[in-house]
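Trainee: Before we go on, could we take the labels used for a structure like this and ask what each of them rests on?
Mentor: Gladly; let us put the structure in front of us and begin.

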Amino acid sequence: MRHLISILFFLLTISSYSQESNTDTIFLNDGTIIHAKVLKQKLGKSITYKSENGSITVISWKDIQKYYIDNKLTITKDTDPKTIKKKSYLDKGYNEYAAFGLGIGNAYGGLGAHLQIRGGKTLGFGGHFGAGYLPGINGGNNSFGWNIGAKFYYFKYLFIDLTYGVVGFSDWGHTVLGPSVLIGGDFIFSEHIGLNVAVGASKYNKYQGATLDLGLLIKLSSPKKKSETPKEI
């Protein structure tokens, strides 16, 4: 049994390594085609790749005709590196996503969690639902809070948020329902991590007050879009 487990582990390792190694394709000016894994790109200078045998090679930019990363054409010899700007994760087109959030504020029902979705590109729309606790309500006992909302993204990650739910409590220590308007941003730092920050005003019964959302976003995987498949020349 131990030998069988060792063999299976070895085969899985080889399979996973093989898939990683053949992710990218590099075309050289002399006609050579390299199937490897691009590790680092220095535009206008060089790229570093890992070959199938595990060796790491640095190749000069002037020797490259074009190359693909994850089957997407990244660069050609006719492209001026000075015109290439690093794009944020949202700028690359991955603007449609769902995210799970942990934080405090309206969107989280007090201190809690929420689920949100976003669609569109530079302009977009989204929705969210959250539930949590409002500490110190009703004589010091925790009270359940909830909130639903709709977002309008007027520029990339910046939004206006209209919500309704448990937003505050009266002078007698009771939770109440009411609307809120907030302005803020969902700042996506990487493929799966982001930060939700918003400030605004709430109205409950005859009372008004400021409100704040602050939370960590855990972005769920986006569906992969179709990409161009390289043709060998």
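**Labels and their grounds**

Mentor: Asp-24 is buried and yet has no salt bridge, the nearest side chain of opposite charge being that of Lys-37, at 4.3 Å. Please keep in mind throughout that this is a predicted model.

Trainee: Why is the pair of Asp-24 and Lys-37 not called a salt bridge?
Mentor: A salt bridge needs a side-chain nitrogen of Lys or Arg within 4 Å of a carboxyl oxygen of Asp or Glu. Lys-37 is 4.3 Å away from Asp-24, so the pair does not meet the limit of 4 Å. Asp-24, which lies in strand 1, does have a polar partner, since its side chain reaches the backbone nitrogen of Val-38 at 2.6 Å.

Trainee: How many salt bridges does a search of the whole structure find, and what makes the pair of Asp-186 and Lys-151 count as a salt bridge?
Mentor: The search finds one. In the pair formed by Asp-186 and Lys-151, the closest N and O atoms are 3.1 Å apart, and the label therefore applies, the limit being 4 Å. The two residues belong to distant parts of the chain, with Asp-186 in strand 12 (residues 175-188) and Lys-151 in strand 10 (residues 141-155), 35 residues apart.

Trainee: On what grounds is Asp-186 called buried or exposed, and what of Lys-151?
Mentor: The relative accessible area of Asp-186 is 0%, and that of Lys-151 is 4%. Buried means under 20%, so Asp-186 is buried, and Lys-151 is buried as well.

Trainee: How do you know whether Thr-163 is buried or exposed, and which residues does Thr-163 touch?
Mentor: Thr-163, placed in strand 11, has a relative accessible area of 5%, and because buried means under 20%, Thr-163 is buried. Leaving aside residues up to four places away in sequence, Thr-163 touches Asn-106, His-128, Asn-147, Ile-148, Gly-149, Gly-178, Pro-179, Ser-180 and Leu-182.

Trainee: What makes Lys-156 count as buried, exposed or something in between?
Mentor: Its relative accessibility is 22%, and partly exposed covers the range between 20% and 50%, so Lys-156 counts as partly exposed. Lys-156 sits in the loop between strand 10 and strand 11 (158-169), and its phi is near 55°, a positive value in a residue other than glycine.

Trainee: Which label does Ile-183 receive at 44% relative accessibility, and what lies around Ile-183?
Mentor: Exposed means over 50%, and at 44% Ile-183 therefore counts as partly exposed. Ile-183 lies in strand 12 and touches Tyr-154, Phe-159, Ala-198 and Val-199, not counting residues up to four places away in sequence. The C-alpha atoms of Ile-183 and Phe-159, which are 24 residues apart along the chain, are separated by 5.9 Å.

Trainee: How is Leu-220 classed at 41% relative accessibility, and which residues does Leu-220 touch?
Mentor: With 50% as the cut-off for exposed, Leu-220 at 41% counts as partly exposed. This residue lies in the segment after strand 14 (207-219) and, residues up to four places away in sequence not being counted, touches Ala-98, Ala-99 and His-192. Leu-220 and Ala-99 are 121 residues apart in sequence, while their C-alpha atoms are 5.4 Å apart in space.

Trainee: What makes a set of residues such as Ile-26, Leu-28 and Ile-34 a nonpolar core?
Mentor: The label asks for buried residues of the listed nonpolar types, joined through side-chain atoms within 4.5 Å. The largest such core has 11 residues, among them Ile-26, Leu-28, Ile-34, Trp-61 and Tyr-67. Strand 1 (24-28), strand 2 (33-42), strand 3 (46-50) and strand 5 (64-69) each supply at least two residues of this core, and the largest share, three residues, comes from strand 2. Apart from this core lies another, of eight residues, including Tyr-153, Phe-159, Leu-182 and Ala-198.

Trainee: What does the protein chain contain in helices and strands, and what share of its residues counts as buried?
Mentor: The protein chain has one helix and 14 strands, and 35% of its 233 residues count as buried.

Note on methods. Residues are numbered from 1 along each chain as its sequence is written. This is a predicted model: local features need pLDDT of at least 70, side-chain atom pairs count only at pLDDT 80 or more; totals for chains, interfaces and linings use all residues. Side-chain values use heavy atoms; hydrogens and water are left out. Buried means under 20% relative accessible area, exposed over 50%, partly exposed in between (1.4 Å probe, protein chains only). Helices (H or I, at least four residues) and strands (E, at least two) are DSSP runs, numbered from the N terminus. Lys and Arg count as positive and Asp and Glu as negative; His and the chain ends are not counted. A polar contact is a pair of N or O atoms within 3.5 Å; within protein, one must be able to donate a hydrogen and the other to accept it, and residues adjacent in sequence count only if both atoms are side-chain atoms. Contact means heavy atoms within 4.5 Å.
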